[in-house]
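Student: I'd like a close look at one part of this structure, taken slowly. Could you walk me through it once we both have it on screen?

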Amino acid sequence: MAIWGLWVINKAGGLVYQRNFGDGLPHLTSNEYLVLAGTLHGIHAITARLSPTGSSSGANVISGETFKLTILLTPTGTKFVLLTSLAENTADTVLQKVYEAYADAVMKNPFHTPEMPIRTEGFDSRITAIMSG
Amino acid sequence: MHAAPHPRFSVLSASAVQSSEHLSPAASSTRFSLPSAPSINTNATASKPAVPRQTIYDRPLNKIRAAEVSASAFSFLFSEVVQYTQKRVNGINDLERRLNTLGYRVGLRVLELMSYRNEATAKAPKREIRFLPALMSIHTQVWRAVFGKPADAIEKSVENADEYMIIDNDPPITRNISVPRDMSQLSCSSFTAGIVEAVLDGLGFPARVTAHNTPTETLPNRTTILIKLEKSVLDREEALKT
């Protein structure tokens with residue numbers, strides 16, 4: 001069980017926060033991360049329209065053979081994405097905690113511009129605290 | 001004492017000055033005459049003489065102690081206050097001064113309301129005339145009224161006899177604020193400093209109050225409210241010493 005990475009994608013599909021934990025993930029440039037996040041945003045928008053039984057929140061989990069992506073979509077369109085091992089079963093609760101930290105440390109901070117990359121020390125330290133248990 | 005309107009009100013529109021005039025300690029020479037309770041209750045007591053009605057001045061707005069103002073709602077409001085102010089100033093000093101001015105307006109009312117609630121019904125109403133008891137009451141009473149907890153420490157400067165400090169280890173109003181690195185001297189607790197300055201001013205201890213970040217390893221949000229007293233206050237303290 002391991003958590004490898006966290007992305008925050010704004011409602012326009014831009015990557016506003018990206019952080020890796022441990023060295024489980026291959027190293028990518030920030031441009032590559034931006035492209036991946038934009039692609040995921042598009043895929044998510046498609047999955048939200050595929051539901052046969054009315055409206056849907058879109059993909060919640062996308063999994064591969066060795067890892068999975070857990071996606072939390074907030075009512076305002078911001079997406080929190082957690083990259084974890086397949087066996088990780090705390091992804092949903094971790095994402096809820098991340099959402100809470102985002103609401104506290106980012107949205108209530110007068111020096112943060114909405115929809116722009118998150119450069120808030122308070123958020124960094126809250127995330128560190130969540131990930132270390 | 002001050003004939004002209006207090007310079008602090010210069011940032012307000014003319015109508016706002018007018019409406020706040022009667023609350024301003026600077027506008028009147030009888031600063032501390034507490035309104036006698038019957039004069040407010042005249043109407044109520046005239047119709048129903050047996051039941052003296054409580055006014056909103058007599059009790060806290062929230063009926064139960066636990067039902068307090070939402071910290072989140074206040075955080076968002078304060079965040080907007082800082083953003084609004086930041087758009088209209090040049091530089092950090094200006095921003096801190098403006099926040100101080102806003103806090104001053106809160107502090108005036110806090111003192112007014114606190115003295116009314118605590119002393120209006122007392123048989124022998126009192127007010128602090130010595131500095132240290134006044135500082136203690138700010139540390140505990142004012143902090144409790146405004147933040148719901150007393151401040152963490154009071155210190156006296158070793159270098160300057162006219163400097164005192166109130167220390168809060170985690171000020172609730174700046175808990176969610178991360179100041180960017182290029183503005184690292186900025187302390188949004190200047191708002192709190194304004195409250196303290198107004199209370200001291202209202203009690204007759206004119207002082208210059210500023211806020212400073214003094215983080216420690218375990219307390220990253222630790223903030224010091226620095227009080228620099230005017231010389232007249234120190235002279236009077238000296239004279240009162242027997």
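Student: How many bridges pair strand 4 of chain A with strand 5 of chain A, and is the sense parallel or antiparallel?

Tutor: Happy to take you through it, and please keep in mind that this is a predicted model. Strand 4 of chain A, residues 67-73, pairs with strand 5 of chain A over seven bridges, and the sense is antiparallel. Within this pairing, Thr70(A) stands opposite Leu82(A) of strand 5. The two strands form a hairpin with five residues between them, where Gly77(A) takes a positive phi near 100°.

Strand 5 of chain A has another partner too: strand 1 of chain A, residues 3-9, pairs with strand 5 over six bridges, again in the antiparallel sense. Here Leu82(A) turns up once more, as the bridge partner of Leu6(A). So how covered is strand 5 of chain A, residues 79-85? Seven of its seven residues are buried, where buried stands for under 20% relative accessible area.

For a companion view, turn to chain B. Four of its strands form an open sheet with antiparallel pairing, in the order 1-2-4-3. Strand 1 (153-156) and strand 3 (207-213) of chain B stand at the edges; each has a single partner strand, so one side of each is left without a neighbour in the sheet. On average, neighbouring strands of this sheet are turned by 20° against each other, direction ignored. In the order given, strand 2 of chain B stands beside strand 4 of chain B: residues 163-168 of strand 2 are joined by six bridges to residues 223-229 of strand 4, running antiparallel. One pair to pick out there is Ile166(B) in strand 2 with its bridge partner Ile225(B) in strand 4. Helix 6 of chain B, residues 190-203, lies across strand 3 and strand 4 of chain B, and runs at about 155° to strand 3.

Finally, there is a pocket to look at. The second largest pocket holds about 700 Å³ of space. It is lined by 27 residues, and the closest to its centre are Ile177(B), Ser178(B), Val179(B), Pro220(B) and Asn221(B). The element that gives the most to this lining is helix 3 of chain A, residues 121-131, with four residues. By kind, the lining of the second largest pocket has nine nonpolar, twelve polar and six charged residues.

Conventions: Residues are numbered from 1 along each chain as its sequence is written. Chains are lettered from A and ligands numbered from 1 in the order in which they are written. This is a predicted model: local features need pLDDT of at least 70, side-chain atom pairs count only at pLDDT 80 or more; totals for chains, interfaces and linings use all residues. Side-chain values use heavy atoms; hydrogens and water are left out. Two strands pair if DSSP finds at least two bridges between them. Axes are lines fitted to C-alpha atoms, for helices over the stretch in contact, and angles run from 0 to 180 degrees between N-to-C directions. Contact means heavy atoms within 4.5 Å. Buried means under 20% relative accessible area, exposed over 50%, partly exposed in between (1.4 Å probe, protein chains only). On a 1 Å grid over the protein atoms alone, a cavity is a set of points where a 1.4 Å probe fits but cannot get out, and a pocket is an open set with protein on both sides within 12 Å along at least five of seven lines; lining residues have an atom within 4 Å of a point. Grid points are joined across faces, edges and corners, and a volume is the space filled by probe spheres set on the points. Ala, Val, Leu, Ile, Met, Phe, Trp, Tyr, Cys and Pro count as nonpolar, Asp, Glu, Lys and Arg as charged, and the others, Gly among them, as polar.
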